[in-house]
Amino acid sequence: MAADAEILFSPFTLGDLRLPNRIVMAPLTRSRARKGALAPTALNAEYYRQRASAGFIVSEASQISQEGQGYVSTPGIYSEAQVEGWRKVADAVHGEGGLIFIQLWHVGRVSHVSLQPSGGAPVSSSAIAARAETFVEGGRAPVSTPRALETAEIGRVVEDYRRAAENAKRAGVDGVEIHGANGYLIDQFLKNGVNRRTDEYGGSVENRLRFPLAVVDAVLGVWDRRRVGMRLSPVSPANDATDSAPEKVFFPLVEALGARGLAYIHVIEGATGGPRDVAPFDFLKLRKSFSGAYVANNAYTRALAVEALAAGRADLIAFGRPFISNPDLVERLREDAPLNAPDPDTFYGGDAEGYTDYPALSDA
Ligand code: 8OZ
């Protein structure tokens, strides 16, 4: 191992948790929950168990309610069967000495009527359809036009987050990550390209932060702040969510998260999945304006990760696609061994193929 790469394998204290290395498994939608119940299965538990050598795992995004679902076969965290399924995942990861946070997700307008309660319209900050696609039973489909949440309804959505946070706790995971990125509901409130509300949840920065911070505060009513993180994508145009001046909303947001003592922010630097340089944004300044840990994400390689850690631009690096195809990514990075290439055809849906059958070095 090159001496300078050692930093990737140095321990880190995240909140009250001792992580064995700086390598985070990023949340990855794999769409393999049990049909009907949308609960994690034994196969899902095996997939996470195989990847338990990560410093910590962030689970695939998990909807907090049926309304929060936007893609077929993604797991939820709102029913008892789902809590039971997540408990099996948590036990499997803990059995290997690993740590796992559940990512709490509401897709907002990135959904389709066929996935919604009673076939109704998805909800969002405003009634503006995203130029985006989703996966429904049978294949791809354009997302449906949403309706704007009524002011009086927002408390109910916040309560759905709170209950999901409680469910995550009952499932025995180590913490929760609030999904505030990639154009889903929280991002739909943050970004002014989507949020056109005229009530206290839209307009000024203070107003656009109101729903996201209400969600954070509800989660903090359940979880110790040292076990809560939030994922953000300030400049990513993912799912058609953009802002005319992202620094004006994301700096105050991150300062508010720091004031609340959140364990970490998990930042997608650039456009989700690349490119990294999609728009100017001072991510180092964002890191410095937050008092907790900074998890950097977006197409990091081993060399870029080492460089970012060594330069103090991040505390932890989240890897996505490399974790799909390398269950032993930590060992491979340690040895600087070749990586298995991921197969995009098996990213979403299906069975063990392209999921739990990628070989570890020790299988050779
Ligand atoms: C890929 C496919 C479906 C959902 C995200 C939860 O982008 C997702 C997602 C990614 O955050």
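This report covers the ligand site and the two largest pockets of a predicted model.

**The ligand site**

The ligand sits in the largest pocket. Around the ligand stand Thr 29, Ala 61, Tyr 71, Trp 105, His 179, Asn 182, Tyr 184 and Tyr 348. By class, this shell holds five nonpolar residues, three polar and no charged. Two side chains place polar atoms by ligand oxygens. For His 179, a polar side-chain atom lies 2.7 Å from an oxygen atom of the ligand. For Asn 182, a side-chain N or O atom is 2.8 Å from a ligand oxygen. Taken alone, the ligand exposes 300 Å², and the protein buries 79% of that area.

**The pockets**

The largest pocket has a volume of about 930 Å³. Its lining counts 35 residues, and the closest to its centre are Leu 28, Thr 29, Asn 182, Thr 272 and Tyr 348. Four elements give two or more residues each to this lining: strand 5 (100-105), strand 7 (133-136), strand 14 (316-319) and helix 9 (321-325).

The second largest pocket holds about 240 Å³ of space. It is lined by 14 residues. Nearest its centre lie Arg 49, Gln 50, Pro 327, Asp 328 and Ala 360.

The table sets out both linings by residue class.

| Pocket lining | Nonpolar | Polar | Charged |
|---|---|---|---|
| Largest pocket | 18 residues | 12 residues | five residues |
| Second largest pocket | five residues | four residues | five residues |

Charged residues thus appear in the lining of the largest pocket, while the shell around the ligand has none.

How values were computed
Residues are numbered from 1 along each chain as its sequence is written. This is a predicted model: local features need pLDDT of at least 70, side-chain atom pairs count only at pLDDT 80 or more; totals for chains, interfaces and linings use all residues. Side-chain values use heavy atoms; hydrogens and water are left out. A residue is near a molecule or strand if one of its heavy atoms lies within 4 Å of it. A polar contact is a pair of N or O atoms within 3.5 Å; within protein, one must be able to donate a hydrogen and the other to accept it, and residues adjacent in sequence count only if both atoms are side-chain atoms. Accessible areas come from the Shrake-Rupley method with a 1.4 Å probe; for residues, only the protein chains shown count as cover. On a 1 Å grid over the protein atoms alone, a cavity is a set of points where a 1.4 Å probe fits but cannot get out, and a pocket is an open set with protein on both sides within 12 Å along at least five of seven lines; lining residues have an atom within 4 Å of a point. A molecule sits in a cavity or pocket if more than half of its atoms lie within 2 Å of its grid points. Ala, Val, Leu, Ile, Met, Phe, Trp, Tyr, Cys and Pro count as nonpolar, Asp, Glu, Lys and Arg as charged, and the others, Gly among them, as polar. Grid points are joined across faces, edges and corners, and a volume is the space filled by probe spheres set on the points.
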